[in-house]
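Here's a quick walk through a model you may want to have open in your viewer. We'll start from a database annotation and work outward from there.

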Amino acid sequence: ASVLLNSYRKKRVHGLPLPPGPGFWHAAKGLVTMDSSAPWLLFTEWHKQYGPLVYMDIAQPLLITNSESIARELLEKRSSKYSSRPEAPSFDLYGWGWTTVVLPYNDRWRQHRRFYMHGFRPDVAVQWRPFQIQNARALLLNLLTSPMDHEQHVATFTASTVLSVTYGYNAASHDDPLVELVNQAMVLLMKGNEFSKVIFFTMFPFLQYLPTWLPGLGFFRDAQASRKFSRLMLDAPFEHVKKSMVCRTNLLTAFCINMIYLKADGKAQISLVSEILSRLEEDGGPYEGEETASYLMTFLLAMTMDHSIQERAQAEIDTVVGKGRLPDFDDRPSLPYVEALLRELMRWHQVIPFGIGHAVTEDDVYDGVFIPKSMLTIPWSWAIAHDESKYPDPHTFNPSRFLTPEGKLNDDDMYIIFGFGRRICPGRHLAVASLWAAIVSILAAFDIRKAKDEKGNDIEIVPIFAPGASSYVSVFVHCSSVSEHRLG
Ligand code: HEM
């Protein structure tokens, strides 16, 4: 059916060709046989062969671009046509079809975005800074107490920040019931979020109706459990917000509660509150669901692998801040190298390497090729951030690429990792500020080194990034440690 549909589509395009790309069989074979731990190898190959726009059609027509200027032209300048989302069978199956990120471009989505606008636009995000600094300090204490548990501490940091910003709720550093609930749901969701499963569900949605005892379909049982947790996640935060109504004074909470009570159906708002929670997790689980925590793990990895970068950042902090206190947001403009380090972190290994696709809602023409309605446009941010002509030696972690010869920051802020156009990540200002607070605090307080073996030799690190629509450091934590505090 796909092959027939494909040839039909090719015939109806008003004489204009579709963008170049592998045919059905070539694409299907490539996807089935690709190295799922490094899917970018296949796409890099295709971009070399076909250019900056690669089209393929296996049930869902896809248009992948590795060019920032094309992504901006389509997703930003023509955003009225490129701002929806496709059907997401795997999200629906796992009970997550209510999240903002999968909503089509409709009124409910606009309602969600309004909430985020009120809570997270840059001028409002400034008022969350005290929470971010407070949580960064708590992170330092946790790291000091048990450095080998850094994976858990980093996740708790992210959880606490969003929870305190959203509800004024202070998550416990261990076994917090709300965070634990989210954690369980996220682990299950991410099992269904592997690249191959997303592709197969999109290609063959009827699979979800087959009995779970059939060979190879055991993961449907996870989907059932995930739906249960997802439901609980809709209820538990709602209950918490209701209980907090009397005593909470922070603005966003008040807004949140108003939204919940003012809207007759309640559903969108409840799910929105839950969505923010859904981005948190704790307790040593995998990190694929939580972007900020994943970047912090990557930060620890990068610092462990090249000590000279850490030393340069620490020298800058010591000069500007001194050793008598910890840095805060007022110091940020005076710490260009730390800022460059943060940007390099966002560039080097992205947690959402393929961005999130935008569905086209009207036929379009770009540079002589036809882009039909319902095409899914994917801004491949990993490729944009590894473009050798802009970032020489792109696989090396090198913050200096964001500095001018005079040591000032250049104007490349790396916000491309947050997407493009009307669907750009609304949590970006909060996320970047949280990352900065955590990174600068850790650098000021600790040396991050490789763990030693029993003979006192460094244990070498082999980073492995887990595959999937989200990508996170999965292995190095077993052989590294945050150690050696620098302050009194
Ligand atoms: C480093 C951390 C983060 C990264 C890298 C990240 C990245 C992204 C990306 C790539 C998108 C898709 C944008 C597009 O479609 O063009 C997105 C969407 C979204 N993000 Fe983030 N994000 C981060 C943190 C957060 C946080 C902390 C929140 C909430 C407080 C958040 C809330 C959302 C929401 C609600 C959407 C869906 C927007 C929509 O579809 O309209 N994100 N994010």
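Start with the membrane annotation: an unreviewed UniProt entry lists residues 430–448 as "transmembrane region". In this model, which is a predicted one, that stretch is 84% helix and 16% strand. Its end C-alpha atoms sit 25 Å apart.

The helix to keep in mind here is α19, residues 428–445. What does α19 pack against, and at what angle? Its axis comes within 9 Å of the axis of α16 (residues 307–321), and the two cross at roughly 90°. That puts α16 roughly perpendicular to α19, because angles of 65 to 115 degrees fall in that class. On the α16 side, the contact uses Gln-310, Ala-313, Gln-314, Ile-317 and Val-321. On the α19 side you'll find Val-440, Leu-443 and Ala-444. Sorted by class, the residues of this contact are 6 nonpolar and 2 polar, with no charged ones.

There's a second crossing to look at, between α15 (291–305) and α17 (residues 336–348). Their axes are 10 Å apart and the packing angle is about 105°, which makes α15 roughly perpendicular to α17. Here Tyr-295, Thr-298, Phe-299 and Ala-302 from α15 meet Leu-345, Met-346 and Trp-348 from α17. That contact has 6 nonpolar residues, 1 polar and no charged.

**Around the ligand**

Now for the binding site. The unreviewed UniProt entry puts a "binding site" feature at Cys-425. Where is Cys-425 in the fold? It belongs to the loop between α18 (381–385) and α19. Is Cys-425 buried or exposed? It has 20 other C-beta atoms within 10 Å, and 20 or more is the cut-off, so Cys-425 counts as buried. Setting aside neighbours within four places in sequence, Cys-425 is in contact with Phe-418 and Gly-419.

Both Cys-425 and Gly-419 turn up again when you look at the ligand: of the 25 residues around it, the ones that come nearest are Glu-291, Gly-419, Arg-423, Cys-425 and Gly-427. Which helices help build the shell? α15 and α19 each supply at least two residues, and the largest share, 3 residues, comes from α15. By class, the shell splits into 15 nonpolar, 6 polar and 4 charged residues.

**Backbone oddities in the same loop**

The loop that holds Cys-425 also has a couple of spots worth checking if you care about torsions. Most residues other than glycine have a negative phi. Asp-393, though, has a positive phi of about 50°, and Met-414 has one near 65°. Asp-393 lies in the loop between α18 and α19, and Met-414 is found there as well. As for their surroundings, Asp-393 counts as exposed, since it has 8 C-beta neighbours inside 10 Å. Met-414, with 19 such neighbours, counts as partly exposed.

**Elsewhere in the chain**

Toward lower residue numbers, Pro-19 lies in the loop between α1 (2–11) and α2 (24–33). Leaving out residues up to four places away in sequence, Pro-19 touches Leu-53, Tyr-55, Leu-63 and Val-369. Leu-53 also comes up in a pairing with Arg-114, a residue of helix α6 (residues 107–120): the C-alpha atoms of Arg-114 and Leu-53 are 33 Å apart.

Here are the neighbour counts for some of the residues mentioned, using C-beta atoms within 10 Å.

| Residue | C-beta neighbours within 10 Å | Class |
|---|---|---|
| Pro-19 | 22 | buried |
| Arg-114 | 13 | partly exposed |
| Asp-393 | 8 | exposed |
| Met-414 | 19 | partly exposed |
| Cys-425 | 20 | buried |

And two pairs for anyone thinking about distances: Pro-19 and Val-187 are 168 residues apart in sequence and 37 Å apart from C-alpha to C-alpha, while Arg-114 and Leu-53 are separated by 61 residues along the chain and 33 Å in space.

**The whole chain**

Zooming out, how many helices and strands does the chain have? It has 19 helices and 8 strands. Of its 488 residues, 43% count as buried. Among contacts with a separation of 6 or more, 75% are between residues 24 or more positions apart.

Key:
Residues numbered from 1 in each chain as written. Predicted model: local features only at pLDDT ≥ 70, side-chain atom pairs only at ≥ 80, totals over all residues. Axes fitted to C-alpha atoms, helices over the stretch in contact; angles between N-to-C directions. Helix = DSSP H or I, 4+ residues; strand = E, 2+ residues; numbered from the N terminus. Parallel < 35°, antiparallel > 145°, perpendicular 65-115°, else oblique. Contact = placed C-beta atoms within 7 Å. Nonpolar A, V, L, I, M, F, W, Y, C, P; charged D, E, K, R; others polar. UniProt positions renumbered as here; feature names shortened; annotations may be inferred. Buried ≥ 20, exposed ≤ 12 C-beta atoms within 10 Å, placed from the backbone. Near = placed C-beta within 6 Å.
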